[in-house]
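The following exercises concern the contact between two chains, the enclosed and open spaces, and selected local geometry. Each task is followed by a worked solution.

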Amino acid sequence: MQPTESTPTLKKNKEKSNYYGLLFASPWILGLMLFYAFPLLSSVYFSFTSYSILQPGNFVGLQNYKDLMNDDLFWKSIYNTVYFAVFFVPLSIIFGIALAMVLNIKVKGMAVYRTVFFLPTLVPHIALAVLWMWLLNPGFGLVNGMLHSIGIEGPAWLGSETWSKPSLVFMSLWGIGQAIVIYLAGLADIPQDYYDASDVDGANWFQKIRTITLPLLTPVIFFNLVMGVIGAFQQFTLPYALTKGQGSPANSMTFYVMYLYDNGFKFFKMGYASAMAWILFVIIMVLTAIIFWSSKRWVHYQGK
Amino acid sequence: MNAKKMSVTLLAVILSVAIVFAGCSNSQQSGGSTDASGKTTITFWHAMTDVTAEAVEAVIADFEAKHPDINIEPTYIANQGEGQNEKLLAAIAGGNPPDVAYFDRFEVGAWAAQGSLEELTEFAAADGINQDMYYPFAWNESSYQGKLYAVPTTTDSRLVYYNIDHFTEAGLDPNNPPSTIAELEAAAEQLTKKDGKRFERIGFIPWYGQGWLYGWGWAFGGDFYDPETNQATANDPKNVEALQWIADFAQKYNVEDIAAFTDSQGTGAMDPFLSGQLSMKVSGPWEVSAIEKFMPDLNYGVFPMPTPTGTDHTTWSGGWSVVIPKGAKNKEAAWEFLKYFGSANGQKIFSDISKDFSVIDSVNEELGFKEDPILKQFVDILPVSNNRPVMTQGSLYWNELAGAVENATRGNGTPQEILDQVTQKVNNELAKE
C-alpha cells in the first residue's frame with residue numbers, strides 16, 4: 001500500500017473513531033449535563049430568588065446573600081465548621097502519617113494490623129454515630145468509665161457545649177483508614193536507596209524521617225490536605241445523626257451543610273440554601289487555591 | 001467489530017437507557033389509575049409502624065370492603081413529621097405525588113401556603129364534614145386562611161407524670177400533686193438526690209420529654225402568634241417569664257450535669273421515668289402503653305402542667321391528618337378515603353388498635369378512654385388544649401423555640417434577648433410572603 005493513499009484513510013479512520021468515542025460516551029455526557037451541570041447552574045439562578053421547591057418564587061437580587069450576612073446561625077455554623085476543620089485536618093494528617101509509618105514497619109502479621117486500622121473506615125457513618133454515642137455516654141460510657149478509673153471525672157461530651165465538637169473530632173479521627181492507605185502507598189514509593197545512603201552517613205531515625213520520609217511524602221500529604229479540607233467543610237452525616245438534626249446542645253453542632261439542608265428542605269427556603277451552597281463553594285475554592293499556591297513551597301515531587 | 005455492528009450495539013444501548021428512564025416515570029405514575037374492571041387504585045403514603053401500622057391496615061381493609069370500586073395501595077415512607085417530609089416534597093415538586101398522604105397536622109399551614117395541598121373545602125361542604133365534629137384545635141390546624149386542607153385523625157395532649165412511690169418516700173402527698181409552679185419547684189427539690197456532679201435521682205427537668213417551650217409558655221399565660229397581624233409573639237412577657245423560670249432551673253441544678261444525666265438515658269425500658277431515676281416528666285398519652293409494656297408495676301399518676309397561679313391549667317395537642325397532595329390523580333376517590341378515615345367509623349377502628357386519641361370526642365368516650373383513670377385526664381383536658389400556630393413558618397418557629405430553650409438553659413443570653421431574636425427572625429420570614 002502506498003503511503004500517499006493510506007494517509008487520508010488513516011485520517012478518516014481517526015475521525016470515525018472520534019465520532020464513535022463520542023457516541024459511546026454520549027449517555028454519560030448527557031447524564032452529566034442533565035443531572036449535574038444543569039442543576040448546578042440552575043442553583044446560581046435560584047440563589048437570587050425566593051425559590052421554595054414547590055413554588056418558583058420571585059427574583060430578589062442579592063437579598064438572600066444580604067440576609068445571610070445578618071443571620072446569626074449562619075455565622076455560628078461557619079464558626080462550628082471552621083473549628084472542626086482547624087482541629088480535624090491537621091490532626092488527621094499527624095495521626096495518619098504516624099500510623100502509616102508504624103504500619104510500614106516490616107514485622108510478621110502486618111496485614112492483620114493494617115486491616116484492623118482500616119476496618120473503622122468501613123463502618124457506615126450512622127452506625128459510627130450510634131456506636132460513639134454509647135462510648136461517650138456520660139453516665140455509663142466506656143470513655144468516662146476509663147477516665148473514672150484513673151480518677152478523672154469526665155465531661156458530658158456530646159451533651160456539653162464545650163466538648164461536643166472535640167468529641168466529633170475524636171470520632172472522625174477514628175475513621176482515617178482511607179488516608180492511612182494513601183500514606184502507605186506514598187511510603188512504599190520512597191526508594192530504599194535514600195535510606196541506605198543515609199545509613200552510610202550515620203543518620204538516626206529522626207533525621208531520616210525529617211530529611212527523607214517527610215519531604216518525599218509531601219505530594220501525598222498535599223493530596224490528603226486538599227481532600228481533608230473539602231471533606232471537613234462538608235461535614236454533615238455524623239453531626240446530623242448524633243443530634244437528630246437539631247445541632248444540639250445550643251447549636252454547637254450545627255454545621256454549615258446541616259443548616260443549608262434545614263433551610264432547603266425544612267423551611268422551604270431553597271433559594272437561601274442555594275446562596276449558602278455557593279458561598280460554601282467559594283470558601284472551599286479559595287482555600288484550595290491557597291493550598292495549591294503554597295504547595296510550590298513545600299511539596300517535593302520525586303524526579304524533579 | 002465493523003461499523004454497522006457498532007451502530008446496532010449503540011442503538012441497543014441508547015434504547016435500553018431510554019427504556020430505563022421510561023420505566024422510571026411509568027412506575028411512578030402507576031398510582032392513581034383505573035383498570036379495566038373500573039376499579040380505582042389510589043396510592044397512600046404513611047410513616048406508621050408497629051401498632052399504628054396495624055391500625056391503618058384495619059382502616060384500609062374496612063374502607064375497601066365498603067368501597068369495592070376503590071383499591072388502596074399503602075406505601076411506608078419513613079421520616080414524615082416535624083418538617084422532615086422531603087420525599088413528599090420532591091414527589092409534589094416532580095408532579096408525581098401519591099393520592100393521599102398521612103401528614104403531621106402542624107405542617108398543614110406551611111404546605112397549604114406553598115400551594116402543595118389540594119383544598120378540601122368544597123368536598124367537605126358537599127359531604128357535610130364540618131368543624132362541629134372535631135375538637136376545635138384539630139380543625140384549626142387542618143385549615144389555613146379559612147379553607148380546609150386536611151382531615152384530622154389523631155391527637156394527644158401533654159401532662160406531667162409523677163412517680164407515686166417517690167412522692168411517698170420524699171414525704172410529699174401523692175394525692176395532692178403540685179399545682180403551682182412554686183409547688184412544682186419545691187417538690188422537684190425534695191425529690192432530687194445529687195451526689196457531686198452525678199444525679200442519683202432527679203425530681204424534674206422542665207425541658208425533658210415533652211417539656212417544649214410551647215407548653216410552658218401557654219401554662220404561664222403567654223401566647224406565640226397573633227393571627228390578626230400574622231406576627232410571632234415569642235417575646236410575649238409571659239413567655240419570657242416561662243423561659244426565665246426554665247433558665248433559673250437549669251442554673252440551679254447545673255445544666256451540664258443535667259445534660260450528662262439526660263444523655264445517659266435511653267427510651268423504652270431505659271426511659272429514666274420508667275427506671276425510677278426521674279420522678280416527674282412531661283409526656284403524652286403514649287407513655288401509658290410504654291409503661292404497661294416495660295414496667296407494668298410502676299406506681300404513677302398524672303397532673304396538668306402547673307401554672308404560676310395554680311388555676312387555668314392548659315396543654316397543647318398535636319396529631320396527624322390525611323391530605324391530598326397537589327397534583328394527585330384521583331382526587332374524588334382520595335376524598336372518599338379521607339372522609340372515611342376522619343369519620344367516627346374510621347376513627348373508631350384506628351384508635352381502638354393504635355390507642356391514639358381520636359379527634360372526635362364521642363369516639364374517645366366510646367373506646368373507654370374516658371374511663372381509664374390516667375387516660376381520662378388526657379382526654380378531659382383536650383377541650384381547652386392549644387395547638388401550635390397555623391402559620392407558614394411553623395417548622396422554623398419550632399426549631400427556633402427549641403434553640404431558645406437550649407440557649408437560655410446554657411446561659412447564652414437572657415431569655416428576653418433570646419426570645420426577641422426568635423420573634424424577629426420568624427417575623428422577618430413571615431414578612432417576606
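**Exercise 1. Determine how much area chain A and chain B bury between them, and which residues of chain A contribute most.**

Step 1. Buried area is the accessible area (1.4 Å probe) that two parts lose on being put together, summed over both. For chain A and chain B the value is about 3,400 Å², with 55% of it on carbon and sulfur atoms.

Step 2. On the side of chain A, the three residues A:Leu54, A:Phe267 and A:Phe268 supply 18% of the area buried against chain B, more than any other three residues.

Step 3. With contact taken as heavy atoms within 4.5 Å, 39 residues of chain A and 40 residues of chain B take part.

Note on the basis of the values: this is a predicted model, in which local features need pLDDT of at least 70 and side-chain atom pairs count only at pLDDT 80 or more, whereas totals for chains, interfaces and linings use all residues. Residues are numbered from 1 along each chain as its sequence is written, chains are lettered from A and ligands numbered from 1 in the order in which they are written, and side-chain values use heavy atoms, with hydrogens and water left out.

**Exercise 2. Describe the polar and charged pairs between chain A and chain B, and the elements of chain A that touch chain B.**

Step 1. A salt bridge is a side-chain nitrogen of Lys or Arg within 4 Å of a carboxyl oxygen of Asp or Glu. The count over all chains is 26, and between chain A and chain B it is four.

Step 2. A:Lys269 pairs with B:Glu429, with the closest N and O atoms 3.1 Å apart. This pair runs from the loop between α12 and α13 (270–298) of chain A to helix α18 (residues 415–431) of chain B. Another salt bridge joins B:Lys425 to A:Asp71, where the closest N and O atoms are 3.5 Å apart.

Step 3. Helices are DSSP runs (H or I, at least four residues), numbered from the N terminus. In chain A, α1 (3–46), α3 (72–102) and α12 (256–266) each supply at least two residues of the side that touches chain B. The largest share, six residues, comes from α1(A).

Step 4. Count Ala, Val, Leu, Ile, Met, Phe, Trp, Tyr, Cys and Pro as nonpolar, Asp, Glu, Lys and Arg as charged, and the others, Gly among them, as polar. This side of chain A then divides into 21 nonpolar, nine polar and nine charged residues.

**Exercise 3. Characterise the largest cavity and the second largest pocket.**

Step 1. On a 1 Å grid over the protein atoms alone, a cavity is a set of points where a 1.4 Å probe fits but cannot get out, and a pocket is an open set with protein on both sides within 12 Å along at least five of seven lines; lining residues have an atom within 4 Å of a point. Grid points are joined across faces, edges and corners, and a volume is the space filled by probe spheres set on the points.

Step 2. The whole structure has four cavities of 30 Å³ or more, and the largest cavity holds about 50 Å³. Its lining includes A:Phe267, A:Phe268 and B:Glu107; helix α17 (residues 394–409) of chain B gives the largest share, three residues.

Step 3. The second largest pocket holds about 690 Å³. Among its 29 lining residues, A:Phe88, A:Ser172, A:Gly175, A:Ile176 and A:Gly231 are the closest to its centre. α10(A) gives the most to this lining, seven residues. By class, the lining has 17 nonpolar, 12 polar and no charged residues.

**Exercise 4. Locate the cis peptide bond that involves A:Pro249.**

Step 1. The bond joins A:Ser248 and A:Pro249, with omega about -5°. A:Pro249 is found in the loop between α11 and α12 of chain A.

Step 2. A:Ala250 also lies in the loop between α11 and α12 of chain A, and has a positive phi of about 45° although it is not a glycine.

Conventions
Polar contact = N/O pair within 3.5 Å; in protein donor to acceptor, adjacent residues only side chain to side chain.
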